[in-house]
Amino acid sequence: MNAVITVLGKDNVGILAKVSNECAGVGANIVEVTQSVLQGMFAMIMFVDITEITVPFSELVDKLTAKGDEMGVKVHVMHEDIFNAMHTI
């Protein structure tokens, strides 16, 4: 099972590190990541393997949302099944 994590907001030091630490703390493995900074705005998409997470998925979502609020950025976590269903015709 996988999840897609997006992070958007004003760029500041440590965004990638803090999101990665939250993932590692619950056993989520980052499979792919891409990030960009455009005119001071940070944008990141992570594809994360959640097969072996040690907490319920909803708790991972809550942890990452709270971490985003703490950093002043918007973090959105979507289960791969939902992502795929949204993009299937």
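**Overall fold and the setting of helix H2**

Among contacts between residues at least 6 apart in sequence, 68% join residues at least 24 apart in the chain. The model described here is predicted. Its secondary structure consists of three helices and four strands, and these follow one another along the sequence in the pattern β-α-β-β-α-β-α.

The overall dimensions were examined next. For 89 residues, a compact globule would be expected to have a radius of gyration near 12 Å; the chain has 13 Å, and the two values therefore agree. Along the principal axes, the C-alpha atoms fill a box of roughly 35 × 35 × 20 Å. Of the 89 residues, 34% are buried, where buried means under 20% relative accessible area. The chain exposes about 5400 Å², and 57% of this area is supplied by carbon and sulfur atoms.

Strands E1 and E4 illustrate pairing within the chain. Strand E1 covers residues 2-10 and pairs with E4 in the antiparallel sense, over seven bridges. Within this pair, Ile 5 stands opposite Val 77 of E4. Strand E4, residues 73-79, is mostly covered, with five of its seven residues buried. In a regular strand, side chains alternate between the two faces of the sheet.

Helix H2 spans residues 57-71. Its 15 residues reach 21 Å from the first C-alpha to the last, which is close to the 21 Å expected at 1.5 Å a residue. The buried residues of H2 are Leu 60, Val 61, Leu 64, Lys 67, Gly 68 and Met 71. Seen down the helix axis, these buried residues of H2 fall within an arc of 130°, so they line one face of the helix. An α-helix has 3.6 residues a turn, and residues three or four places apart therefore point the same way.

The surroundings of H2 reflect this division into faces. Its buried residues pack against three elements: strand E1, helix H1 (15-25) and strand E4. The face turned away from the buried side carries the exposed residues Asp 62, Asp 69 and Glu 70, exposed meaning over 50% relative accessible area. After H2 comes Gly 72, which has a positive phi, near 80°. Strand E4 thus appears in two of the arrangements described: E4 pairs with E1 in the antiparallel sense, and E4 is among the elements against which the buried residues of H2 pack.

Methods
Residues are numbered from 1 along each chain as its sequence is written. This is a predicted model: local features need pLDDT of at least 70, side-chain atom pairs count only at pLDDT 80 or more; totals for chains, interfaces and linings use all residues. Side-chain values use heavy atoms; hydrogens and water are left out. Buried means under 20% relative accessible area, exposed over 50%, partly exposed in between (1.4 Å probe, protein chains only). Two strands pair if DSSP finds at least two bridges between them. The expected span of a helix is 1.5 Å times one less than its number of residues. The arc is that of the directions from the helix axis to the C-beta atoms. Contact means heavy atoms within 4.5 Å. The radius of gyration is taken over C-alpha atoms; the globule rule is 2.2 Å times the number of residues to the power 0.38. Accessible areas come from the Shrake-Rupley method with a 1.4 Å probe; for residues, only the protein chains shown count as cover.
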